[in-house]
Amino acid sequence: MVGAVLVGVLVIVVGGCVCVVWAERGGPRWVRAVASVTLASGSLLRRSSRRRRRSLSGGNSGDSGGDDGGGSGDGG
């Protein structure tokens, strides 16, 4: 059962990627629509992943300075 769901998700993801490539080459309107949905879904997943990482890394240690790799803070 879980395997069938995973295969189904994989088919949807691969189909979306195919539509993105096809839309870049000027595919029909429905392909461009599927490509837009695919790209929007990817963007949404990336944003939620960043939020989750931020909340996990900054929520446990209080005020840790918020080091996001943005420099040393020496007036640079």
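**Entry 1: Arg-47 and its surroundings**

I began with Arg-47, which counts as partly exposed because its relative accessibility is 42%. I note at the outset that the model is predicted. I then looked up where Arg-47 sits in the secondary structure, and found the residue in helix α2, which covers residues 29-58.

Which residues gather with Arg-47 in a patch of positive charge on the surface? I listed Arg-46, Arg-50, Arg-51, Arg-53 and Arg-54 beside Arg-47 itself.

**Entry 2: the chain as a whole**

I next turned to the overall composition. The chain holds 2 helices and 0 strands. I looked up burial for its 76 residues and recorded that 8% of them count as buried. The exposed area of the chain comes to about 6500 Å², and I noted that 61% of this area is supplied by carbon and sulfur atoms.

**Entry 3: the nonpolar patch**

I searched the surface for nonpolar side chains. A patch of about 640 Å² is formed by Met-1, Val-2, Val-5, Leu-6, Val-9 and Val-13. I checked two of its members individually.

Met-1 belongs to the segment that precedes α1, the helix of residues 2-24. Is Met-1 buried or exposed? I entered Met-1 as exposed, since its relative accessible area is 82%.

Val-13, by contrast in location, is placed within helix α1. Its relative accessible area is 44%, so I entered Val-13 as partly exposed; the class of exposed residues would require over 50%.

**Entry 4: a contact across the sequence**

I followed Val-13 further and asked how many residues separate it from Thr-38 in sequence. The separation is 25 residues, while the C-alpha atoms of Val-13 and Thr-38 are 8.0 Å apart in space.

**Entry 5: aromatic rings**

I searched the whole structure for aromatic pairs and found 1. I recorded the pair as edge-to-face because the planes of the Trp-22 and Trp-30 rings stand at 90°, with the ring centres 5.7 Å apart. A pair of aromatic rings is described by the distance of the centres and the angle of the planes, so I kept both values in the entry.

I then looked up the exposure of each partner. Trp-22 has a relative accessible area of 39% and is therefore partly exposed. Trp-30 reaches 52% and is therefore exposed, as the cut-off for that class is over 50%.

Notes:
Residues numbered from 1 in each chain as written. Predicted model: local features only at pLDDT ≥ 70, side-chain atom pairs only at ≥ 80, totals over all residues. Heavy atoms only, no water. Patch = residues over 30% accessible without salt bridge, like charges linked within 9 Å, V, L, I, M, F, W, Y side chains within 5 Å. Areas by Shrake-Rupley, 256 points an atom, 1.4 Å probe, with all protein chains shown as cover. Salt bridge = Lys/Arg side-chain N within 4 Å of Asp/Glu carboxyl O. Lys, Arg positive; Asp, Glu negative; His and termini not counted. Charge placed at Lys NZ, Arg CZ, Asp CG, Glu CD. Helix = DSSP H or I, 4+ residues; strand = E, 2+ residues; numbered from the N terminus. Buried < 20%, exposed > 50% of the residue type's maximum accessible area, 1.4 Å probe, protein only. Phe/Tyr/Trp six-rings, centres within 6.5 Å; stacked < 30°, edge-to-face > 60°.
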